[in-house]
Each structure stands twice: as C-alpha cells, then as structure tokens.
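This report walks through one sheet and a few helices of a protein chain. Have the sequence and the model open while reading.

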Amino acid sequence: MAQLKQIHSQTIRTGLISNPIVPAQIIAFCCKHELGDMEYARMVFDTMPEPNHFVWNNMIKGYSRVGCPNSAVSMYCEMLERGVMPDEYTYPFLLKRFTRDMAVKCGRELHDHIVKLGFSSNVFVQNALIHLYSLSGEVSVARGVFDRSSKGDVVTWNVMISGYNRSKQFDESMKLFDEMERMRVLPSSITLVSVLSACSKLKDLNVGKRVHRYVKDLKIEPVRVLENALIDMYAACGDMDTALGIFDNMKSRDVISWTAIVTGFTNLGQVDLARNYFDKMPERDFVSWTAMIDGYLQVNRFKEVLTLFREMQAANIKPDEFTMVSILTACAHLGALELGEWIKAYIDKNEIKIDSFVGNALIDMYFNCGNVEKAIRVFNAMPHRDKVSWTAVIFGLAINGYGEEALDMFSQMLKASITPDEVTYIGVLCACTHSGMVDKGKKFFARMTTQHGIEPNVAHYGCMVDLLGRAGHLKEAHEVIKNMPVKPNSIVWGSLLGACRVHRDEEMAEMAAQQILELEPENGAVYVLLCNIYAACNRWEKLHEVRKLMMDRGIKKTPGCSLIEMNGSVHEFVAGDQVHPQSKEIYSKLDEMSVDLKFAGYSPDTSEVFLDIGEEEKESAVYRHSEKLAIAFGLISSGPGVTIRIVKNLRMCVDCHYVAKLVSKVYNREVIVRDRTRFHHFRHGSCSCKDYW
C-alpha cells in the first residue's frame with residue numbers, strides 16, 4: 001500500500017489522475033489485493049465524478065472480500081441511486097460473502113432485482129442465488145433455483161451440495177451426487193470434498209469408497225484439502241488403516257490432517273493411541289485440543305480431561321463453547337465445583353456465547369456438584385430454555401432431594417407450553433421416588449400415557465419399582481415387574497433388590513438377585529448387595545455360600561473410591577488409602593474425629609460388613625472407608641464453614657452415612673456426598689435423603 005500511495009501521489013502531481021483508468025486501477029488494487037485498504041479505495045472512489053461499472057463492481061467485490069457485506073449492500077444501493085444499472089458481475093460479487101442475517105434481510109429483495117433486470121438465467125447469478133438461499137436456511141428455494149438452471153456447470157452442483165451440507169441434509173447431498181453422475185457431469189475436487197463430508201457425517205463407507213475411486217480413476221490431483229476429506233471420512237467410518245495409509249503418504253500435512261487421525265482414534269475409544277498422535281502434532285488449534293479432550297470424556301477419564309484443559313490454557317489456546325461444554329461435563333462427573341466455577345467466570349470474562357448447550361452444561365455441572373441454588377440461577381438467566389434445560393432442572397432437583405420443587409418445575413414447564421418427553425417423565429418419577437411421594441408417582445405414571453401419549457419404557461417401570469420398593473411396598477413392586485409389557489432388565493431387578501436391603505426381605509432379595517445374575521452373571525455389585533443383606537440378617541452360612549460363589553466365578557468387589565476437590569485439584573481416596581501425600585495428617589484427623597464423634601453419641605455400625613470376623617476388626621474395616629478419609633482430608637484442607645463435597649463411586653454405607661451426619665453437626669459443616677444413586681446433603685446432623693437411600 002505504501003508504494004501504491006506513492007504512485008497515487010505522482011499521478012496527482014503529473015495530472016495523470018484525470019484519466020479515469022488511473023483511479024480505477026488504484027481502486028482495483030485496493031479491492032482485489034489481500035493487502036488492499038478499502039478506506040483508501042473509498043477515498044479515491046469519492047474523487048471520481050462518474051465511476052463506471054468496472055469501478056462499482058470492484059468496490060462491491062472489495063467490501064465482500066474484507067467481510068463487510070453491509071458496506072457492499074450500501075455501495076449497491078448508492079449505485080442504483082446514481083442511475084448506474086448493475087450487470088451480470090455485480091450480483092455474484094455482492095452475494096458471495098453475505099452472512100446469514102444479511103441473506104435473510106436482503107435476499108428476497110435482491111432476487112426481485114435480478115429477475116426485473118433479466119439476469120435470472122445467468123449461470124453465475126444462479127450460483128450466487130443458490131448460495132444466498134442456502135445461507136438463509138431456505139434450502140427448498142435454493143433447490144428451486146437449481147432445478148431451473150441449466151445444470152451444465154459443475155460449480156452449480158457444488159453450490160447446491162454445499163447448501164445441503166450446511167443445512168445438515170446430508171442424505172440430499174448424496175442423492176444430488178447420484179443425480180450428477182447420471183447426468184454425466186464430471187465432479188471437481190470441490191464436489192468430492194463436499195460429498196466426502198456428507199459421507200463422514202452419515203458414516204457411509206460405501207459411497208466414500210466410491211468417491212475415492214473417482215480420485216484414482218480420474219487422476220484428480222490429490223490436493224491437501226481432498227486428502228484431509230478422505231482421511232476424515234475413513235476415520236469417521238472406523239477404517240483407520242486406510243485413513244493412516246493416506247495420512248502417511250501425504251506430501252504435506254496440516255493441523256486438519258492430524259486432528260482427523262486423533263478424532264478417528266478417539267471415536268473408536270482408543271484414546272491412548274489418539275494421544276500418541278496428538279503429542280506428535282507440530283501445531284494444534286482449539287479444534288484439535290477439543291477433539292482430544294472429548295476423547296477422554298467419551299471413555300470417562302475425567303481427570304485427564306481436566307489435566308489436558310490445563311495444558312491447553314498453558315499453551316495459550318483459547319477454547320470455544322464446545323470445549324467449555326466438555327470441561328463442564330468432566331467437572332460434573334468429578335464433582336469439581338471450584339473448577340466449574342472458574343469455567344463459569346472464564347465464560348463470562350471472555351464473553352463466550354452461552355447458548356442452550358453451554359447453559360444446560362452449566363446447569364448439569366452445578367446440580368452434579370450439589371449446588372442447587374446456582375443451577376437454578378443459571379436456568380433463570382437463560383434467554384432461551386429448551387426441553388433439555390427444563391428436564392435437566394427437574395432431574396437435578398430430584399436427585400438432590402428437592403422432590404416438591406422438581407414437580408413444581410414440571411408444572412411450570414407445562415405452563416410454558418414445553419411438551420415433555422419420555423426423559424422428562426423419568427425425572428418426574430425420580431422426584432417422586434426420592435421424596436417418597438408414592439400416590440403422586442402413580443398419578444404421573446398414568447398421565448404420561450393419557451395426557452402426553454408416551455408409552456412407558458423399561459426405565460419408567462424401573463422408576464415405579466424403585467418408588468414402591470423404597471416405600472416398603474415390595475409385593476406391589478414385584479407385581480409391577482411381573483406385569484411389565486417389556487422384559488425387565490437388571491436395573492429394574494436391582495431397584496427391587498435395593499429395596500429388599502432396606503426392608504431386610506431376604507427371600508425376595510434372593511429371587512431378585514437370581515434374576516439379575518441370569519442377565520448379568522459377572523455383576524459384582526449384586527453379590528455384594530446380597531452379602532450385605534445376609535450380614536444384616538446374621539445369615540453367615542448364606543453369606544459364605546455367596547462369597548464362595550464369587551471366588552469360584554472370579555468375581556471381585558468393586559473397590560470403593562471417593563473424590564474430593566480442594567483448591568482446584570481433585571484428590572482420590574480408596575478404602576485404607578496410604579498413598580496420599582498427607583496420609584499421616586489425614587489419619588491423625590480421623591483419630592481426632594473418632595473421639596469427637598463418640599462424645600456426640602457415635603457407635604460404629606458394622607451391620608454391612610460381610611466378613612465373619614470379630615467386632616473390633618469390623619470397626620477397623622469401616623473406620624478406613626474412602627469417604628471418611630475424604631471427609632478428614634476436607635476438614636484439614638479447608639477453613640471453618642466451607643462445604644465439603646465428595647463423589648463416591650458406590651452406594652454410601654450405613655456407617656459412613658451416620659458419620660457424615662455427625663460431622664455436619666459437630667464441626668458445623670455442610671457435607672454433600674454424591675453416591676451411585678443420589679445426593680446426600682448433610683446439615684446440622686440430618687440428611688436430605690431422610691435416611692433412605
């Protein structure tokens with residue numbers, strides 16, 4: 001630009017600027033060259049008394065090039081006001097860089113102009129119109145323009161296929177490609193990239209291979225964008241051998257090539273192999289980081305998700321809303337509220353768009369960390385709440401013990417004219433279950449069909465079995481199972497077995513356990529629960545039979561594991577853990593707790609210890625449970641009054657439940673434990689579950 005300005009100055013001094021060709025060429029450079037300056041172009045333009053079509057079109061083209069469609073439209077309007085009629089080049093330049101909003105706002109009116117001026121049969125203008133309507137979401141109108149075109153130009157086909165892809169109508173893209181073949185229109189590399197993209201989304205390996213044959217048979221130059229599309233298609237379809245073959249033979253690779261390989265392996269669950277390629281990447285963008293984060297998320301390796309996110313931050317890579325959703329999901333699973341709060345602050349500070357996906361992820365995170373108040377606050381602040389938002393709140397309130405509030409939220413959902421689906425009703429029935437509202441649960445179960453036409457599935461019947469079983473109606477719960485129109489699964493029988501544990505119905509427990517083991521012979525939790533029931537009933541002979549069966553079948557008890565977040569780091573404990581760096585202080589605090597709690601009336605409950613050992617050994621066994629270690633760590637690592645939040649992988653045992661209640665009273669701490677079935681909010685010596693879990 002500096003040289004151009006010098007030349008411009010010379011033309012002014014020499015008088016050459018009076019020749020219209022000179023300012024026209026200066027404007028052309030500014031409009032076409034990537035280093036061109038549109039402000040300078042406009043300044044020169046304003047000195048021209050009568051700009052011709054060439055100049056007007058260049059100005060429109062220049063504004064489109066720099067992503068200023070509003071300025072391009074303003075220039076077009078000014079052109080009309082000054083009595084200069086557009087030609088066949090004007091509209092392709094004008095429409096090329098339209099945004100969706102501009103397409104919706106101006107599209108129809110510009111189409112009218114095109115028809116009136118007689119350019120509707122021009123192939124370049126037709127292509128621009130197809131692009132315009134695809135952009136505005138009016139794909140059927142775009143197809144109408146396409147159908148009226150000559151269809152002889154491959155670009156026309158490319159624009160229409162691209163339009164279908166943009167609107168996620170990938171099946172239509174495939175059909176159009178088939179029609180293109182029938183009409184013997186030779187595809188270009190752009191065509192093949194678009195079709196491969198559709199194959200990738202549909203996981204259609206057969207058509208993908210057909211496209212690959214085109215590349216080979218027509219000897220199309222394997223440019224990098226086409227090779228990347230082939231890798232992405234094969235990876236999406238799970239054919240990593242072919243994907244790697246193309247990848248290894250590429251002359252040059254970019255971040256898209258590497259990311260396609262990483263994503264392919266993560267989709268197959270092979271995250272360690274994906275990480276190997278991820279670590280070898282010469283450069284990474286936010287898409288590649290998010291792909292690797294999502295890979296860990298898919299296989300429930302949530303701690304690695306958070307570790308990788310910290311590495312992403314250290315690399316100064318700015319995440320987008322999709323990354324945020326993945327991190328919030330990991331925080332939700334780990335109960336990592338501190339990090340979740342930091343993510344929320346990061347979203348606010350960086351003005352990351354809080355759409356329904358991010359909003360729903362925040363709601364889920366807060367509920368899964370036991371912070372009901374903030375979850376509701378996010379929900380109330382959302383400008384648009386979809387069905388998922390309402391369902392997430394109903395579920396969240398239910399599992400946190402706010403049954404009445406969950407049902408009130410369901411009523412508000414109906415008043416807002418949001419139609420519930422089968423997932424919403426699972427949340428409603430869970431609310432009734434966790435709050436012991438048997439009659440209301442039965443009514444909602446009936447209304448699901450009569451009012452909303454939803455046929456109950458196995459999950460809904462499972463909720464009813466759980467509801468009745470928890471309330472002690474074991475025979476009625478069993479009748480529900482026997483009369484189910486669908487085959488009960490292990491979860492349904494498990495609900496009955498759990499109720500048998502609470503109400504100590506040994507006979508029905510044996511029957512329920514037998515049903516589960518027929519469906520899932522390797523289900524270790526069933527053996528453990530049956531052992532707990534026998535231990536509670538002092539049926540040691542039966543207990544030994546089950547333990548022998550476990551040993552004979554190689555069934556191992558899943559070790560209890562508790563997670564607690566402190567200062568942004570997640571700490572993990574297992575029963576009897578000695579590997580934590582602060583083990584000495586933790587066990588010292590545990591001894592101190594034992595003394596304090598005994599003064600408050602604590603006596604160890606060993607009813608669920610299914611080892612036929614002395615009482616002292618039983619007390620020692622429950623003393624070292626993982627959630628007690630996590631509570632002790634929480635007490636020594638946080639100040640007075642700070643809430644202790646724990647996530648347990650198994651159901652909380654009776655003794656740990658009793659200890660948590662006393663800790664909340666003796667140390668004046670709120671303790672929130674999320675176990676396998678629900679939340680326990682311990683406050684002032686009581687639990688939100690009302691001692692039923």
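The model is predicted. In it, β3, helix α37 (residues 654-666) and β4 make a right-handed β-α-β unit. This unit is the starting point; the sheet around it comes next.

**The sheet**

The sheet is open and has 6 strands, in the order β2-β1-β3-β4-β5-β6, with mixed pairing. Its edge strands are β2 (569-574) and β6 (686-687), each of which pairs on one side only.

The table lists three of the strand pairings.

| Strand pair | Sense | Bridges |
|---|---|---|
| β1 (residues 561-566) and β2 | antiparallel | 6 bridges |
| β3 (residues 644-648) and β4 | parallel | 4 bridges |
| β4 and β5 (residues 679-683) | antiparallel | 4 bridges |

Individual partners help to fix the register. Glu565 has Val570 of β2 as its bridge partner. Ile644 stands opposite Val671 in β4. Val673 is bridged to His680 in β5. The turn between β4 and β5 makes a hairpin, with 4 residues between the two strands.

Is strand β4 covered or open on its two faces? Both faces of β4 (residues 671-674) are covered. Val671 and Val673 are buried on one side. Ile672 and Arg674 are buried on the other.

**Helix α37**

Helix α37 lies across β4, β5 and β6. Its direction makes an angle of about 35° with β5. The helix holds many buried residues: Asp655, Cys656, His657, Val659, Ala660, Lys661, Leu662, Val663 and Ser664.

Does its length fit or miss the expected rise? The 13 residues of α37, at 1.5 Å a residue, should span 18 Å. The end C-alpha atoms are 18 Å apart, so the span agrees. After the helix comes Asn668, with a positive phi near 50°.

**Helix α11**

The same check can be made on α11 (residues 170-182). This helix also has 13 residues, for which 1.5 Å a residue gives an expected span of 18 Å. The end C-alpha atoms of α11 are 19 Å apart, which agrees.

Which residues of α11 are buried? They are Phe170, Ser173, Met174, Leu176, Phe177, Glu179 and Met180. An α-helix has 3.6 residues a turn, so residues three or four places apart point the same way. Phe170, Ser173, Leu176 and Met180 are among the buried positions in α11. The cover over the buried residues includes α9 (139-147), α10 (154-166), α12 (189-202) and α13 (205-217). Just after α11, Arg184 takes a positive phi of about 55°.

**Two single residues**

Ser162 sits in α10, one of the helices that cover α11. Is Ser162 buried or partly exposed? Its relative accessibility is 27%, so Ser162 counts as partly exposed; the cut-off for buried is under 20%. Ser162 and Thr191 are 29 residues apart along the chain, and their C-alpha atoms are separated by 8.4 Å.

Glu506 belongs to helix α31 (residues 506-519). With a relative accessible area of 17%, Glu506 is buried, because buried means under 20%. What does Glu506 touch, leaving out residues up to four places away in sequence? Its contacts are Ile533, Tyr534, Cys537, Arg539 and Lys542.

How values were computed: Residues numbered from 1 in each chain as written. Predicted model: local features only at pLDDT ≥ 70, side-chain atom pairs only at ≥ 80, totals over all residues. Heavy atoms only, no water. Buried < 20%, exposed > 50% of the residue type's maximum accessible area, 1.4 Å probe, protein only. Pairing = 2+ DSSP bridges. Right-handed = clockwise from strand over helix to strand, strands pointing away. Contact = heavy atoms within 4.5 Å. Expected span 1.5 Å × (residues − 1). Axes fitted to C-alpha atoms, helices over the stretch in contact; angles between N-to-C directions.
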